[in-house]
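Here is a briefing on one predicted model. Keep the sequence and the coordinates open while you read.

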Amino acid sequence: MKNDILKAFFILWGLILFIELLWFGLLTNRAHSTSEVIFAVTVIAVTSVFGSVGMCLFKSSR
């Protein structure tokens, strides 16, 4: 059961990260300000760190 939860968490994290990267790609193909790019990069970085730490915690609690 824990393995299924970890797999579902990984899939959800990957989907969210994919959507954010797509959003970043669309952002860079139009006129944008520096603050918009910094915000997008920060959101992607936080999602990456949150997902990585979450998976490590789920894996170690087995």
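**Contacts, core and surface**

Leaving aside residues up to four places away in sequence, Met 55 touches Leu 6, Phe 9, Phe 10 and Trp 13. Met 55 is found in helix 2. At 15% relative accessibility, Met 55 counts as buried. The model is predicted, and the points below go from the whole chain to single residues.

**Overall shape**

- The chain has 2 helices and 0 strands.
- Helix 1 covers residues 2-28, and helix 2 covers 34-60.
- The C-alpha trace spans about 45 × 15 × 5 Å along its principal axes.
- The radius of gyration is 15 Å, whereas a compact globule of 62 residues would have one near 11 Å.
- Of the contacts with a separation of 6 or more, 62% join residues 24 or more positions apart.

**Burial and exposed area**

- Buried residues make up 19% of the 62 residues in the chain.
- About 4700 Å² of the chain is exposed.
- Carbon and sulfur atoms supply 76% of that exposed area.

**The largest nonpolar core**

- In soluble globular proteins, nonpolar side chains tend to be buried together.
- Here the largest nonpolar core has 6 residues in all: Leu 6, Phe 9, Trp 13, Leu 17, Ile 44 and Met 55.
- Helix 1 and helix 2 are the elements that give two or more residues to this core.
- Helix 1 gives the most to the core, with 4 residues.

**Met 55: a core member in helix 2**

- Met 55 belongs to the largest nonpolar core.
- Three of its listed partners, Leu 6, Phe 9 and Trp 13, are touched by Met 55 and are named in the core too.
- The C-alpha atoms of Met 55 and Ala 8 are separated by 11 Å.
- Along the chain, Met 55 and Ala 8 are 47 residues apart.
- Because its relative accessibility is 15%, under the 20% cut-off, Met 55 counts as buried.

**Ile 44: a core member in helix 2**

- Ile 44 sits in helix 2 and is part of the largest nonpolar core.
- The relative accessible area of Ile 44 is 13%, so this residue is buried.
- Beyond residues up to four places away in sequence, Ile 44 touches Leu 17, Glu 20, Leu 21 and Phe 24.
- Among them, Leu 17 is a core residue as well.
- Ile 44 and Lys 59 are 22 Å apart, C-alpha to C-alpha, with their positions 15 residues apart in sequence numbering.

**Thr 47: a buried residue in helix 2**

- Thr 47 has its place in helix 2.
- Thr 47 counts as buried because its relative accessibility is 13%.
- The contacts of Thr 47, not counting residues up to four places away in sequence, are Trp 13, Ile 16, Leu 17 and Glu 20.
- Trp 13 and Leu 17 are core residues, while Ile 16 belongs to a nonpolar surface patch.

**The nonpolar surface patch**

- Which residues form a nonpolar patch on the surface?
- They are Leu 12, Leu 15, Ile 16, Phe 18, Ile 19, Leu 22 and Leu 26.
- Together these residues have about 700 Å² of accessible area.

**Leu 15: a patch member in helix 1**

- Leu 15 lies in helix 1 and is one of the patch residues.
- Leu 15 is partly exposed, since its relative accessible area is 48%.
- That value falls between the 20% limit for buried and the 50% limit for exposed.
- The C-alpha atoms of Leu 15 and Phe 39 are separated by 19 Å.
- Leu 15 and Phe 39 are 24 residues apart along the chain.

Definitions and conventions
Residues are numbered from 1 along each chain as its sequence is written. This is a predicted model: local features need pLDDT of at least 70, side-chain atom pairs count only at pLDDT 80 or more; totals for chains, interfaces and linings use all residues. Side-chain values use heavy atoms; hydrogens and water are left out. Patches are made of residues with over 30% relative accessible area and no salt bridge: like charges are joined within 9 Å, nonpolar side chains (Val, Leu, Ile, Met, Phe, Trp, Tyr) within 5 Å. Accessible areas come from the Shrake-Rupley method with a 1.4 Å probe; for residues, only the protein chains shown count as cover. A salt bridge is a side-chain nitrogen of Lys or Arg within 4 Å of a carboxyl oxygen of Asp or Glu. A nonpolar core is a set of buried Ala, Val, Leu, Ile, Met, Phe, Trp, Tyr and Cys residues joined through side-chain atoms within 4.5 Å. Buried means under 20% relative accessible area, exposed over 50%, partly exposed in between (1.4 Å probe, protein chains only). The radius of gyration is taken over C-alpha atoms; the globule rule is 2.2 Å times the number of residues to the power 0.38. Contact means heavy atoms within 4.5 Å.
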